[in-house]
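The following exercises ask the reader to work from a model to a description of its ligand site and backbone. Each task is followed by a solution in steps.

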Amino acid sequence: MIQKSKQDNIDMDYQVQRDAICVCKSCQHDFARDCIKMSCTCCKKDEHAMILDGLYTVLSPRSKSESYYEEAYGKKTEDLIKTMQVKGILTDSKVEEAIRKTPRHLFVPSTFIKNAYENGSLPTLNGQTISQPSVVAKMTEWLDIKKGNKVLEIGCGSGWQSAILSFLVEDGKVFSIEKSSILVEFAKKNHVKVGIKNVEIIQGDGSLGLPEKSPFDRIIITAACPKVPKPIVDQLSMDGLIVAPVGKFIQSMVLLKKTKDGIKQLKREFGYLFVPLKGRYGFK
Ligand code: SAH
């Protein structure tokens with residue numbers, strides 16, 4: 001059964017599934033789990049009933065049905081994790097746990113909440129994107145984060161990647177630079193929602209790195225760069241790792257290590273699509 005709903009002034013098609021979570025917008029009464037009708041069994045106001053296919057409808061904070069959201073998002077996260085694991089991504093249990101603790105629906109603009117647990121990149125504010133979960137998972141695994149690490153992220157976006165990093169460093173610290181002030185505010189709000197305290201988000205040109213806080217044990221660049229900017233390489237500590245997408249139209253993901261004999265490329269994989277890194281050492 002296809003229903004139409006208007007939310008955020010956008011027409012959305014969605015499919016009512018048999019296991020949908022259904023809550024009446026009017027009285028907040030929850031329907032039977034397998035209900036496929038649009039009428040509330042409690043107040044009978046079918047015109048006010050909403051189908052929550054687990055993803056896109058937002059209830060008021062006083063809703064008694066919030067726990068159903070958590071349940072739905074929890075299940076969606078598990079499905080997303082399985083989708084990635086079937087593809088051979090997300091083999092590190094610590095990264096898996098960090099992704100589990102970082103509900104992606106809290107990091108996407110409301111219009112795209114219904115897509116939050118699909119394995120795809122999504123638009124966020126200011127014409128930018130929130131990265132694809134499997135790409136975030138892979139970059140995070142390549143980084144091999146250790147407890148206590150000091151990590152630098154270039155391109156905070158809506159803050160999902162840095163939130164995942166924050167769980168992995170535990171008592172360490174994450175610095176994330178973002179050029180857009182709108183996104184800096186958005187990411188900060190998103191981190192508050194998840195209770196994150198060990199990430200510092202800074203507005204600025206991340207292509208220069210963050211020399212005043214260097215050296216960093218790990219550096220992650222989440223925008224396509226012409227080559228890994230030299231100032232950023234200089235800010236890496238000995239034995240430190242950098243992961244970055246390099247290239248103009250389609251990028252190669254590279255993993256670099258600083259050794260006493262210089263910078264060594266440990267991994268390189270072609271076929272990624274990132275928004276461009278801007279700024280002094282980015283694309284003009
Ligand atoms: N890490 C994000 C994805 C960010 S997309 C996530 O978790 O989903 C890339 C981001 O890099 C965009 O938000 C863009 O605004 C930012 N960016 C591009 N060039 C930049 C620069 N020179 N300095 C800082 N941020 C930059």
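The exercises below concern a predicted model.

**Exercise 1. Identify the polar contacts of the ligand and state how much of the ligand the protein buries.**

Step 1. Begin with the shell: 24 residues lie around the ligand, and Gly 155, Gln 161, Glu 178, Gly 206 and Lys 278 come nearest.

Step 2. Apply the cut-off for a polar contact, a pair of N or O atoms within 3.5 Å. A backbone N or O atom of Gln 161 is 2.9 Å from a ligand oxygen atom. For Lys 278, a backbone N or O atom is found 2.6 Å from a nitrogen atom of the ligand. In Thr 222, by contrast, the N or O atom belongs to the side chain, and its distance to a ligand nitrogen atom is 3.1 Å.

Step 3. Turn to the area: the ligand taken alone exposes 580 Å², of which the protein buries 99%.

**Exercise 2. Describe the surroundings of the ligand by pocket, by element and by residue class.**

Step 1. The largest pocket holds the ligand.

Step 2. Two or more residues of the shell come from each of strand 6 (129-130), helix 4 (160-169) and strand 8 (173-178).

Step 3. By class, the shell comprises 9 nonpolar, 10 polar and 5 charged residues.

**Exercise 3. Is Thr 222 buried or exposed?**

Step 1. Locate the residue: Thr 222 belongs to the loop that runs between strand 10 (216-221) and helix 6 (230-234).

Step 2. Compare its area with the cut-off, since buried means under 20% relative accessible area. Thr 222 has a relative accessible area of 11%, and is therefore buried.

Step 3. Consider a residue remote in sequence: Phe 274 is 52 residues from Thr 222 along the chain, yet their C-alpha atoms are 7.3 Å apart.

**Exercise 4. Which backbone values at Glu 170, Asp 239 and the bond from Ser 214 to Pro 215 deserve attention?**

Step 1. Recall the general expectation: most residues other than glycine have a negative phi, and most peptide bonds are trans.

Step 2. Glu 170, in the loop between helix 4 and strand 8, has a positive phi near 55°. Its relative accessible area of 43% makes Glu 170 partly exposed.

Step 3. Asp 239 is placed in strand 11 (residues 236-246) and has a positive phi of about 70°. With a relative accessible area of 47%, Asp 239 is partly exposed.

Step 4. The peptide bond from Ser 214 to Pro 215 is cis, its omega being near 5°. Pro 215 lies in the loop between strand 9 (199-203) and strand 10.

How values were computed: Residues numbered from 1 in each chain as written. Predicted model: local features only at pLDDT ≥ 70, side-chain atom pairs only at ≥ 80, totals over all residues. Heavy atoms only, no water. Near = heavy atom within 4 Å. Polar contact = N/O pair within 3.5 Å; in protein donor to acceptor, adjacent residues only side chain to side chain. Areas by Shrake-Rupley, 256 points an atom, 1.4 Å probe, with all protein chains shown as cover. 1 Å grid on protein atoms, 1.4 Å probe; cavity = no way out; pocket = protein on both sides within 12 Å on 5 of 7 lines; lining within 4 Å. Sits in = over half its atoms within 2 Å of the grid points. Helix = DSSP H or I, 4+ residues; strand = E, 2+ residues; numbered from the N terminus. Nonpolar A, V, L, I, M, F, W, Y, C, P; charged D, E, K, R; others polar. Buried < 20%, exposed > 50% of the residue type's maximum accessible area, 1.4 Å probe, protein only.
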